[in-house]
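Hi everyone, thanks for making time. I'd like to walk you through a structure that may be new to you, so have a look at it first.

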Amino acid sequence: MNLPLVLDVAIGLIFIYLILSLLASEIQELITTLLQWRAVHLKRSIENLLMGEEGTPEETEKVKSIVATLYGNPLIENINQQSKEGVESLFRELTWQFGKIFRSMQKQESNIFGKTEQTQKEKRSGPSYIPAETFATTLLERLNIPKLTQQISAVNLIRFKEEEIKSEIIKAIRSENLKLNQGTREKLEIEFKRLVIRLDKITRNYELQKASLANSLKWMENEIKGYVISSVALFDNEEEGDSKEEFESEINSLQEEIFIDFDSLEKRLKAGLSEVIYELETGGRLYRQLRDGLTDQTSELYKKYEEIEGDIEELIGKLPTSVRKSLSALGRRAQINTVKVDQELKQFQKEVSNWFDRSMDRASGVYKRNAKGVAFLIGIFLAFAANADTLHIIDRLSKDTAVRTAITRYAGSAVSNCSTSELECIRNQVNQNIEALPIGRSSTNIVEQDKESQGWPVPRLKRILGWILSGFAISMGAPFWFELLSKIVNVRNTGPKPQSSTEDQS
């Protein structure tokens, strides 16, 4: 068999593989759409990401609850675009019903995407792709980590107000060193209560996120300065002049000592990621100890300690052990990679995004391997249905010049007129001349196959082997065969350089 004949046979064989691969791609895409494989695989991959090595039924339910909440978040719900009216909505309904029946046959959850928060109806579909930033944002919101950070900062501010401002000022008012009459002392305490009301308002505004921590501290400093001015006016200048100067000096010293390093004070009060991670790991141990150390159970601080401890315990109850371990590791990595406390949460979100990306890369590899297996099964089915026997095709192309020439011409036309991204063009080329292909279950084709199998101990074995070879080839995909076809057609068309007329004469 000379080289031009080998090239023609190869071109014909590859062209047939290309045709069947196009059909296989359409079938696989239809199945993928009907069963929502991409969306289902993404959801399963996220569950596996959060599950880690844990596999108990209790842990599994916690993970599914977290994922269901993530899918109910508007940021993720808005990614999933689906038709709600017209013919498209009817097709979507049929698709969902088909997928539900298939999952019930496989004894899987029929309601794979959970329920909508508003109507509590089953979700018909889910997104096939979620950006890493969106996943990180929704996960941190679901775990209430930004809220927990704000709560801890608010409690720190309240404790600062109670222990470093209020208690010190009341000590100064009630100090035995101050030689005050009873009326002046009572006036000072009344003015102090007014200060406390204003300070409480500042902490409430910060707790409600109406003000930043820096502004709240500035306002506290100004309130203390205003309190000094209003308080010293209550002293009797003649009888209590010395006490007035002593009181004013002490409150001013307190104010200067507290706010002398404003940045350090803000950093100390603002909850960092380390505090959040520590509380998640220990179950709120710090705030439980602080609460137990207070004797006044009616105080604001006691109630705040109790509230934040309850929130931490509730969050821990919803978190699987694997998620807590993963978040702790990511939190420590975020701390290492940041210098400023206020940047830790942003870095933590970035670490969660990278964690998600790495996991989705592995999940994508798994999906591709599974898709390859499905493509092979579809290829086997098509090879059997179309009677595409590779061994028969090679034998027929090598012996039948007319068929070989026709297919080579069709293949050359497809390569010259179409590109890899224009597979529809190739399909049109094929539809016009499909009867020339040595496949199918026509009587002529069957007779030829039977003749070729006569030398085999088991005649049917040759045909089965040919189908398997075709199935494997079809699973390689249309783009692969089109690229290979283009290269071989170019080699065939180039051929050896012809001799010039001068060389012939010589």
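I'll begin with the whole chain, then go through some helix pairs, and end with a few single residues.

One thing to keep in mind: what you see is a predicted model. So what is the chain built from, helices or strands? Helices: there are 23 of them, and zero strands. The chain has 506 residues, and 44% of them are buried. The accessible surface comes to about 27,500 Å², and carbon and sulfur atoms account for 53% of that. Now take the contacts between residues at least 6 apart in sequence: 78% of those join residues at least 24 apart.

Okay, on to helix pairs. Two packed helices are described by the angle between their axes and the distance between the axes. I'll give you both each time.

Let's start with α1, which covers residues 3-35, and α16, which covers residues 344-385. Their axes come within 10 Å and cross at roughly 125°. Angles over 145 degrees would count as roughly antiparallel and 65 to 115 as roughly perpendicular, so α1 ends up oblique to α16. As for handedness, the crossing of α1 past α16 is right-handed. Who makes the contact? On the α1 side we have Leu-20, Leu-23, Ala-24, Ile-27, Gln-28, Ile-31 and Thr-32. Facing them from α16 are Tyr-367, Ala-371, Val-374, Ala-375, Ile-378 and Leu-382. Sort the residues in this α1 and α16 contact by class and you get eleven nonpolar, two polar and no charged.

Helix α1 also meets α2, and there the axes come within 6 Å, crossing at roughly 55°. That makes α1 oblique to α2 as well. From α1 the contact uses Glu-29, Ile-31, Thr-32 and Leu-35, and from α2 it uses Trp-37, Arg-38 and Val-40. By class, this contact of α1 with α2 has four nonpolar residues, one polar and two charged. If Ile-31 and Thr-32 sound familiar, they were also on the list for α16.

While we're here, let's stop at Val-40. This residue sits in α2, which spans residues 37-51. Is Val-40 buried or exposed? Buried, because its relative accessible area is 13% and the cut-off for buried is under 20%. Which residue is 87 places from Val-40 along the chain, with its C-alpha atom 8.8 Å away? That's Pro-127.

The third pair is α7, residues 145-173, with α8, residues 182-207. Their axes are 10 Å apart and the angle is about 170°, so α7 and α8 are roughly antiparallel to each other. The list of contact residues is long to read out, so here's a sample: among them are Ser-153, Leu-157, Lys-161 and Ile-165 of α7, and Leu-188, Phe-192, Leu-195 and Asp-200 of α8. The classes for α7 with α8 come to 13 nonpolar, three polar and six charged residues.

Two of those names turn up again when we look at Leu-269. You'll find Leu-269 in helix α11, residues 262-269, and it is buried, with a relative accessible area of 3%. What does Leu-269 touch, leaving out residues up to four places away in sequence? The answer is Ser-153, Asn-156, Leu-157, Phe-160, Leu-213 and Leu-217. Take Phe-160: it is 109 residues from Leu-269 along the chain, yet their C-alpha atoms are separated by 8.0 Å.

Then there's Ser-231 in helix α9, which counts as buried at 0% relative accessibility. Setting aside neighbours within four places in sequence, Ser-231 is in contact with Leu-188, Glu-191 and Phe-247.

Last topic: backbone angles. Most residues other than glycine have a negative phi. Here are two residues to look at with that in mind. Gln-209 is not a glycine, but it has a positive phi of about 60°. You'll see Gln-209 in the loop between α8 and α9, and at 59% relative accessibility it counts as exposed. Asn-387 is not a glycine either, and its phi is positive too, about 50°. Asn-387 lies in the loop between α16 and α17, but at 0% relative accessibility it counts as buried.

That's my tour, so over to you for questions.

Terms used: Residues numbered from 1 in each chain as written. Predicted model: local features only at pLDDT ≥ 70, side-chain atom pairs only at ≥ 80, totals over all residues. Heavy atoms only, no water. Axes fitted to C-alpha atoms, helices over the stretch in contact; angles between N-to-C directions. Helix = DSSP H or I, 4+ residues; strand = E, 2+ residues; numbered from the N terminus. Parallel < 35°, antiparallel > 145°, perpendicular 65-115°, else oblique. Left-handed = near helix turned anticlockwise from the far one by under 90°. Contact = heavy atoms within 4.5 Å. Nonpolar A, V, L, I, M, F, W, Y, C, P; charged D, E, K, R; others polar. Buried < 20%, exposed > 50% of the residue type's maximum accessible area, 1.4 Å probe, protein only. Areas by Shrake-Rupley, 256 points an atom, 1.4 Å probe, with all protein chains shown as cover.
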